[in-house]
Each structure stands twice: as C-alpha cells, then as structure tokens.
Amino acid sequence: MKISVIGTGYVGTVSAACFAELGHEVVCVDVDRSKIDQINAGIPPIYEDGLPELLRKHAGKRLSATPDYDFAVVNSDVSFICVGTPSDSHGNIDLGIVKAASSSLGDSLRKKKDYHVIVVKSTVVPETTEKVVMPMIEKRSGKHTGEFGIAMNPEFLREGKAVHDFMHPDKIVVGSLDKRSGDIVASLYSGLNCEVTRTNPRTAEMIKYANNAFLATKISYANEVGNICKQLGIDTYEVMSAVGKDFRIGKHFLNAGAGFGGSCFPKDVKALIGKAQEIGYEPLLLKSVIAVNERQPGRMVLLLKNRLGDLRGKKIAVLGLAFKNDTDDIRESRSIPVIKELLDNGASVFAYDPMANENMRKLFGGIQYSGSAEDALRGADACLVMTEWEEFKMLDKEFEVMRNRLIIDGRHMLTPRKNIEYMGLCW
Ligand code: NAD
C-alpha cells in the first residue's frame, strides 16, 4: 500500500522505514527541510539502532521525503500523523502541532477524489481523534467521515530499540469508528507476527496512556520503596528481585534510581492527569507518580552535599546525559535537573555522554563537555552516574584520575571497587 507519514521524528522516521521494509511505498512529510534532505540522502535524522541500514536500503526507492502535503496525500492511500504532542506550560497536552498537521491534511484532501484514511499515531488524550482531528479534517477538506477514513493507532516503541519494537510488537492497537478504515490500517501490519486489537479511537488513545502510566507507576513505586530501603540500610535491589518473582508483578521496571525521563512517560502521565481533571476527576495516584519522580534527582544532589558539604568550586563529573542508554534524546532527562541544581550550588560540571553531548550543549552552553568518561573524571571531586550506558560498566582505571574518588550511582550499574567510595541512590 502507499503510505504518507507526517512528521519525521523518532516515531515517524522509524515507522516510515519499517513500513518500507514491510513492502509499502512511503513518503514522509516534515516542516523541517534538513530532515527531509537527510531522509532523501538515506541518513537518519535521529539515532536509532538499525535505522541507518533501513534508510540506506529504501531511500530513493520505496522511501522518500517532501515538504509538500499535496504531493504526499495524492501519492498515498493512508496518512499517519506522527507529529509531537508536547506538554503546555501547565503540563496539559498541547495539540497545536496535531491541529496544524490535521488542517494541512484536510486542505490536501479537498483536492483528492479517492478514498483516503487519516491515522493518528501521535499520543493524544482520549477523544482527540474524534473531537479535534476529525472535525478539523472535515472542515478543511469539505468532506464528511465516510468519504474519508479516520483511525487511531498508538505507538508503543521504545527509543533505542525502536526498529526492533516496530518489527516485533507485543501489541498493535487500531481504533476506528468504521470497519473499512480499521481494516485498511490493520492490513498494513499483516507482515508482522502480532494480533491486532481492534477498538474505537478513544479506547485506543486510552490504551496508550494506561500503558505508559502503569510503567511510570512501577518506577515511582520502586523509587519510593528504594528511598525507604536506603534509610533502613536495606538493599532495595535484593528486595525487588524477590518481589518481581511474583508473576502478578513481573521483574521489569522495578529498578530504583534517578527516575524516569524521556519524551513520553513524564508528559503522558501529566497529560492524563490534565484530562482527568478536565472531566472533574482528581487522579491522586498519578499525581504521586510524578511527585516521587521529580524528587529523585534532588536526592542525588542531596547525597552529594551530605558527603562533600558546600559544592561551591567543586568539580563534579556527570556521566550520562541522554534520558536512557542507546539514544541521543535528552528530553526530560534526569541529568537536566541534576546539572541545574549542581550549577545553582556553584559546582563546575564536567559532562560526558557517548551520544548526547551536542543535544545537551543546546540546553547548558556553559558547562564543560568531555570526549570521554576519563576526561570528565580527571580531577573531579565526585562523579554522578545518570544514564545506564554499557560503556560505563567497563570503567575501572579511569576512576583513578579523580581527585576524590566518590561515585554516586543513579542507575545501579557500577560494581563497587577498592579505593572508591561508591554510593547508590536508593541502595
Ligand atoms: P518528534 O518531536 O521527534 O518529531 C516530530 C516531527 O514532526 C518533527 O520532525 C517535526 O519537525 C515535525 N513536525 C512538526 N510540525 C509539523 C507539521 N505541521 N507537519 C509535518 N511535520 C511536522 O516526536 P516523536 O518523539 O517522534 O513523537 C511523535 C509522537 O509519538 C508524540 O505524540 C509522542 O508522544 C508519540 N510517541 C513517541 C515515542 C518515542 O519514543 N519518541 C513513542 C511512542 C509514541
């Protein structure tokens, strides 16, 4: 089938490349010219394992990019909206970009005679597809639903493993108001070995939020238990590895530490809180999930201050800037509040990340970025570990260049070593 993908960020580029791999013809649309040029040249605009190979294979053949909505809509049967849905200043969902993409799609649809399906893949709060996207497209295209199709197809991929997750999903959810559009969207995934869950759009929207909110809740729960364990001198990892053996709980997402970041969990939990409050429900549990998460980075700096005293003039190495390993994405990374607090306390920060130095430089221009962990550690009074990069596990002799060998591990990833004072955040 012919597909257009609107928005070539993490979700859009990965979906486009994977749909091409499944045999579909894909055209991407973005407002960012540089991303369009990169995709057409077969270069991924973001870092994702396996993506360079797919782009090299399909760009210029089954995969292309354009800024032209009309061209993309005329040359496809289905359009996926994959634009960002950030938080507004109150934490509620900001649908501005979804509305802009919907109105551009509606304008292009006005010029097309054939049936076309619009699919919302962006994470949007329940009712958005039916009450925001659909009316916008009807208004701008001058057509009624039925003349065009509408569906909601949430994305569950994990950054860093996005290509693998797209090709090996544990669930595919397609929400539609009518059978025809749902059947078309479901058929796009027929090359994958996964059952398609069919619902209405608002249920599909809610499944995505319920999924992310549950995972975030597990992490905050693990952090709450971890903070209590720390004060009692109990190893929370020993506790949780036993707790996770209960099949009703499961062993994943029970790792206490610096908390969750990224482009999804924090904003999605906050968006669900906002939606609940909009309809008059006070979501106490979800608010606590965010509150516990926001406290964790401060606890790292508190541990550091308890040990070093005044941080003014102290050199602190921060290892890991990306919100998690295997990505250059720093959105809502827990290293951001940590660096901010270190700077507020007068420390000088030497940071290193295998991939995210450049992204973080846009946020904190005034700190030192190092080309290796060893460079960041040289002469440091302490080291904070913020991201679970595999290469940090191998560090050994590199710590010898520190002035004071104190490590506070926010990710439970280093092994204690002789001559190093090693402290865990929650253990
Ligand atoms: P992103 O910010 O990386 O990419 C969005 C892209 O849309 C950008 O390239 C931007 O230039 C483009 N864009 C902006 N306005 C546009 C317009 N009017 N027309 C065309 N393109 C436009 O976002 P992302 O991380 O890919 O997330 C997209 C959606 O998917 C969000 O709703 C997010 O919550 C959801 N999601 C993300 C992930 C993830 O891991 N990143 C996982 C699942 C779901």
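The protein in this predicted model is assigned two domains: domain 1 covers 2-199, and domain 2 covers 200-427. If you take the centre of each domain over its C-alpha atoms, the two points are 32 Å apart. Keep these two parts in mind, as they come back when we reach the ligand.

Let us start with how the domains meet. On one side, 30 residues of domain 1 take part, and they are in contact with 26 residues of domain 2. Together the two domains bury about 2500 Å² between them, and carbon and sulfur atoms give 57% of this area. Three residues of domain 1 are worth finding here: Y47, P126 and E159 supply 23% of the area that domain 1 buries against domain 2, more than any other three residues.

Charged and polar groups also pair up across this interface. The rule finds 5 salt bridges between domain 1 and domain 2. To see a salt bridge in the structure, look for the side chains of R202 and E130, which meet with a distance of 3.3 Å from N to O. As for polar contacts across the interface of the two domains, 13 residue pairs are found, with both residues at pLDDT 80 or more.

Now turn to the ligand. Around the ligand there are 27 residues, and those that come nearest are D30, Y69, T85, E159 and K267. You have already met E159, one of the three residues named for the area that domain 1 buries against domain 2. The shell around the ligand draws on both parts of the protein, with at least three residues from domain 1 and at least three from domain 2. By type, the shell divides into 11 nonpolar, 8 polar and 8 charged residues.

A few distances help to fix the ligand in view. K267 reaches it through its side chain, where an N or O atom is 2.6 Å from an oxygen atom of the ligand. V11 instead offers a backbone N or O atom, 2.9 Å from a ligand oxygen. T123 likewise has a backbone N or O atom 2.9 Å from an oxygen atom of the ligand. How much of the ligand does the protein bury? Taken alone, the ligand exposes 830 Å², and the protein buries 88% of that.

Definitions and conventions. Residues numbered from 1 in each chain as written. Predicted model: local features only at pLDDT ≥ 70, side-chain atom pairs only at ≥ 80, totals over all residues. Heavy atoms only, no water. Near = heavy atom within 4 Å. Polar contact = N/O pair within 3.5 Å; in protein donor to acceptor, adjacent residues only side chain to side chain. Areas by Shrake-Rupley, 256 points an atom, 1.4 Å probe, with all protein chains shown as cover. Nonpolar A, V, L, I, M, F, W, Y, C, P; charged D, E, K, R; others polar. Domains from an automatic or database assignment. Contact = heavy atoms within 4.5 Å. Buried area = accessible area lost by both parts, 1.4 Å probe. Salt bridge = Lys/Arg side-chain N within 4 Å of Asp/Glu carboxyl O.
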